[in-house]
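Trainee: Got a minute? I'd like to go through this model with you, starting with the holes inside.
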Amino acid sequence: MIKITKSWATLLKDEFEKPYFKELQAFLEQEYSTHDVYPPMENIFSALNTVKYEDVKVVIIGQDPYHEPHQAHGLAFSVQDGVEIPPSLVNIYKEIESDLGITCEKSGNLTRWAKQGVLLLNTSLTVRRGQANSHRGKGWEIFTNEIIKLLSKREDPMVFILWGSNAQSFEPEIAKQHLILKAPHPSPLSAYRGFFGCRHFSKANNFLIAHGKTPIDWH
């Protein structure tokens, strides 16, 4: 399986030995050898490999990777450089610009956020081309739930941003020292039901500042 940085590998070592993960690994080996699967195998753990456990300031939970070519690269809501910005991310940028009065970059590559401590974690870390949710129920949800539990155990407060019912299903795992921000999903189908105007980006930064942390530059 793909390498994962020491920070997370140490914390998750027990998960890698559990039967569900061995089954998931076998399933992925089969999928990658017989179908187009995203993101590329070397990017499956990009979200974890870009932000060490101890450096996480904000967690944004997505559902599963984009399922068309050249989009997904292991960070939730993010696409590779040069790729058209997907509708949900267009709406995220609109809310940032309205909330903070700034102009977002024209790239949909959110590595710039991840490097500041934003963990962009999908619930399912892989998907078959053209088939949304095709790797749902194969074990990823157990794995990502464990990541949320590990983060929740951290005494150092962080922000959990939960957009839509899938992300909000993790709320029971999150301890009270952390800030939980909830809103509808930013997709065009639901953004107008309360995502627009949620002001999650200023609220997250205000919380970080109040706890002596550097705010996120959301450009």
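Mentor: Sure. Keep in mind that this is a predicted model. Pro39, Ile44, Pro65, Gly74, Leu120, Asn122 and Leu125 line the largest cavity.

Trainee: How much space lies in the largest cavity?

Mentor: About 40 Å³.

Trainee: And how does its lining divide into nonpolar, polar and charged?

Mentor: Five residues are nonpolar and two are polar. None is charged.

Trainee: How many cavities of 30 Å³ or more does the structure hold?

Mentor: Two. The second largest has about 30 Å³ of space. Its lining is made of Ile61, Gly62, Gln63, Phe77, Trp163, Asn166, Ala167 and His185.

Trainee: Which elements give two or more residues to that lining?

Mentor: Strand E2 (58–62) and helix H7 (164–168). By class, the lining has four nonpolar and four polar residues, with no charged ones.

Trainee: Switching to pockets. What volume does the largest pocket have?

Mentor: About 420 Å³. It is lined by 22 residues, and the closest to its centre are Asp64, Pro65, Tyr66, Ser88 and His185.

Trainee: How many charged residues are in the pocket lining?

Mentor: Two. The others divide into ten nonpolar and ten polar.

Trainee: Now His178. Where is it?

Mentor: In the loop between H7 and strand E6 (179–183).

Trainee: Buried or exposed?

Mentor: Buried. The relative accessible area of His178 is 6%, so it falls in the buried class, which is under 20%.

Trainee: What does its side chain have as a polar partner?

Mentor: The backbone nitrogen of Met158. A polar atom of the His178 side chain lies 3.1 Å from that nitrogen.

Trainee: And what else does His178 touch?

Mentor: Leaving out residues up to four places away in sequence, its contacts include Leu151, Arg154, Phe160 and Phe207. Met158 is on that list too.

Trainee: Last topic, helix H1. Which of its residues are buried?

Mentor: H1 runs over residues 6–16, and Ser7, Trp8, Leu12, Glu15 and Phe16 are buried.

Trainee: Why do they end up on the same side of H1?

Mentor: They cover an arc of only 115 degrees around the axis, so they sit on the same side. The general rule is that an α-helix has 3.6 residues a turn, so residues three or four places apart point the same way.

Trainee: What's exposed on the other side?

Mentor: Lys6 and Asp14.

Trainee: And what do the buried residues of H1 pack against?

Mentor: Helix H2 (19–34), helix H3 (46–50), strand E3 (118–122) and helix H6 (140–152).

Conventions
Residues numbered from 1 in each chain as written. Predicted model: local features only at pLDDT ≥ 70, side-chain atom pairs only at ≥ 80, totals over all residues. Heavy atoms only, no water. 1 Å grid on protein atoms, 1.4 Å probe; cavity = no way out; pocket = protein on both sides within 12 Å on 5 of 7 lines; lining within 4 Å. Points joined across faces, edges and corners; volume = space filled by probe spheres on them. Nonpolar A, V, L, I, M, F, W, Y, C, P; charged D, E, K, R; others polar. Helix = DSSP H or I, 4+ residues; strand = E, 2+ residues; numbered from the N terminus. Buried < 20%, exposed > 50% of the residue type's maximum accessible area, 1.4 Å probe, protein only. Polar contact = N/O pair within 3.5 Å; in protein donor to acceptor, adjacent residues only side chain to side chain. Contact = heavy atoms within 4.5 Å. Arc of directions from axis to C-beta.
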